[in-house]
Amino acid sequence: MTTGIASGSVNLRLRETGCWQPSLFSRAGLQNCCKKFPWSRRACDNLQIKRYVHPNSGTRRPFHTLITSSIRDHSTKYFDFAVIGSGVAGLRYALEVAKHGMVAVITKAEPHESNTNYAQGGVSAVLCPSDSVESHVQDTMVAGAYLCDEETVRVVCTEGPERIRELIAMGASFDHGEDGNLHLAREGGHSHRRIVHAADMTGREIERALLKAIESDPNISVFKHHFAIDLLTSQDGSETVCHGVDTMNTKTHKVLRFISKVTLLASGGAGHIYPSTTNPPVATGDGIAMAHRAQAIISNMEFVQFHPTALADEGLPITPLKTRENAFLITEAVRGDGGLLYNLDMERFMPMYDERAELAPRDVVARSIDDQLKKRDEKYVLLDISHKSRDKILLHFPNIAAECLKYGLDITRDPIPVVPAAHYMCGGVRAGLQGETNVRGLYVAGEVACTGLHGANRLASNSLLEALVFAQRAVKPSIDHMKGSHVDQTISRWWDPPVIPMQLGCTILDKIINRTKEVRKELKSIMWEHVGIVRSTTRLMAAEQRIGELELEWEAYLFQQGWEPTMVGLEACEMRNLFCCAKLVLTSALTRHESRGLHYTTDFPHVDERSRLPTIIVPCSNMNRTWSSRQLHKQQIC
């Protein structure tokens, strides 16, 4: 169903699909939406406000029923703060709020296994006298195709330097030049050298320093190998309230419920909706999907950043024996240090596409490489840094040099085979300037959030910066909310617990897991072929239909095998989250009828200034929803 909404001189369109209403360039959906998110207030003007009712709302079950079906007391833990994710955003936030209460850090795998740990390039911040906040703001706005919220950009660029100094004070060690000052690198899209880095392993160094501080804090408990299943929510009038999260210990296969006064989602992105991604295996969009199911507003999901230069294994002298779970990133800083891009005939091509050549923003470089590969029917291009001194290369890029050398490639002598790979979600859960969402008690920071900073394309090394700034900005409102909240010890009885499907038996469970792996592979293939770097309406619509069919086929198979809607398993829950995120990307992409930043469509190849507003997906009351799009439990009414 399509609904037209008049907004000034622009006739906006609402496409109502499945379990959400994507609204291009609107804030329709919540009464207080614009108050919570001032960075898109202009999109609210003259738009109808639509109330929504959660599809699971209804009369609360009798109290005795709740007791008999409730989770066991020893399977529930109570904390002031629950932090979902152990990257830079989650850890930095945890260290601050731990000064005011007890904190649970819930992480899907080992604590260090996060997107932060894989970040090579660095953190951008104005730390050089010749640089300025105004210049950083302008670079961010240009890279984001002017879809960024300027207030958010200015806040992040202004507060960034202090966040860097805090990391250094905590023990993070960054590279220094011969003059004793921080060595600042330059990356694509930046007009100045402003990238603070630790060789080509910056994220790993930041993660190391934060985890060390976490380990020595008695108020912080880390729960590793706990997969977050669904947020625990209730309905209070027109407001959704978050009370914590259900998790599954992936080692013991037991469910553990966390009841918290405040919940921070810092769970990273959804790179694994694509077959090739620089993200670690844990990045399956769990946070975005959970938040969407909990009625949080989602924004700008069409803007998926493909890093231009991931290592192309098929171009290495020695082919790796096993397919990588995630692509090996060749940092932007290689081009920032003078690396040049060539096709396989050693013809430099970037100057043909953009006057900034190799220093153009990532969306431009990725599309240029994609165009070369398609025109020439080749599998990869070459990134050459070998014209620089050997000592400098090994000093700045020791990790890349070591990885390539494993497979017979010496980057000080030969070019590196590279190809674009899914890298970063610029969209996510809609957040205000303090990390707040439209769900009371739920805050977001890091890649899972859409704060307005990145707009239609993220500027290199702005991601760690955003995570640090918003983790800090979420602290005070979180503490205020915690102090004003009271948790009844019986609250855990409000929701039925998820069920581990052991009774199905090993044979059936193995069949479900194997089928799920096949479906996951097919979903990724569809996304790459139809929702990749260059898109078209025909391919997007074909992907929408096929993914819808694939999801229904998969769910039917599960239920035919005896699976029930309350059952949980790692593979199945990741699959439902991947489906959810893929559909969010698709729906948003179909709604934007222009090419801007990371969203390029051949049917609308130009920027339309009337469309320079964020894409919004709000909850709706459609009852015909798939398993991936609804919470396992029934939401309670306060």
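## Packing and pairing in a predicted model

Thr107 touches Ser86, Val222, Phe223, Lys224, His225 and His226, leaving aside residues up to four places away in sequence. The model described here is predicted. Thr107 is found in the loop between β5 and α4 (115-118). Because its relative accessibility is 3%, and buried means under 20%, Thr107 counts as buried.

### The chain as a whole

The secondary structure of the protein chain comprises 18 helices and 24 strands. Of the 638 residues in the protein chain, 63% are buried. Among contacts between residues at least 6 apart in sequence, 76% join residues at least 24 apart.

### Strands β4 and β5

Strand β5 (residues 103-106) precedes the loop that holds Thr107. Both faces of β5 are covered: Val103 and Val105 are buried on one side, and Ala104 and Ile106 are buried on the other. Strands β5 and β4 run parallel and are joined by four bridges. Within this pairing, Phe81 has Val103 in β5 as its bridge partner.

Strand β4 (76-84) also takes part in covering helix α15, as described next.

### Buried helices α15 and α5

The table lists the buried residues of two helices together with elements that pack against them.

| Helix | Buried residues | Packing elements |
|---|---|---|
| α15 (residues 475-483) | Val475, Pro477, Ser478, Ile479, His481, Met482 | including β4 (76-84), α3 (88-97), β12 (254-265), β19 (442-444), α14 (462-473) |
| α5 (residues 133-143) | Ser135, His136, Val137, Asp139, Thr140, Met141, Ala143 | β6 (123-124), α6 (150-169), α14 |

Helix α14 appears in both rows: it is among the elements that cover the buried residues of α15, and the buried residues of α5 pack against α14 as well. The buried residues of α5 include Asp139, and those of α15 include His481. Just after α5, Ala145 takes a positive phi of about 55°.

### A four-stranded open sheet

Four strands form an open sheet in the order β14-β17-β16-β15, with antiparallel pairing. Strands β14 (304-311) and β15 (340-342) stand at the edges; each has a single partner strand, so one side of each lacks a neighbour in the sheet. From one strand to the next, the twist averages 45°.

At the β14 edge, six bridges join β14 to strand β17 (residues 416-425), and the two run antiparallel. Val304 stands opposite Met425 in β17.

### The α17-α18 helix pair

Helix α17 (residues 537-560) and helix α18 (residues 570-591) have axes that come within 10 Å and cross at roughly 155°. Because angles over 145 degrees count as roughly antiparallel, α17 is roughly antiparallel to α18. The crossing in which α17 passes α18 is left-handed.

Which residues of α17 meet α18? From α17, these are Thr537, Leu540, Met541, Ala543, Glu544, Ile547, Leu550, Glu551, Trp554 and Leu558. They meet Ala572, Met575, Arg576, Phe579, Ala582, Lys583, Leu586, Ala589 and Leu590 in α18. The residues of this contact divide into 14 nonpolar, one polar and four charged.

Definitions and conventions:
Residues numbered from 1 in each chain as written. Predicted model: local features only at pLDDT ≥ 70, side-chain atom pairs only at ≥ 80, totals over all residues. Heavy atoms only, no water. Axes fitted to C-alpha atoms, helices over the stretch in contact; angles between N-to-C directions. Parallel < 35°, antiparallel > 145°, perpendicular 65-115°, else oblique. Left-handed = near helix turned anticlockwise from the far one by under 90°. Contact = heavy atoms within 4.5 Å. Nonpolar A, V, L, I, M, F, W, Y, C, P; charged D, E, K, R; others polar. Pairing = 2+ DSSP bridges. Buried < 20%, exposed > 50% of the residue type's maximum accessible area, 1.4 Å probe, protein only.
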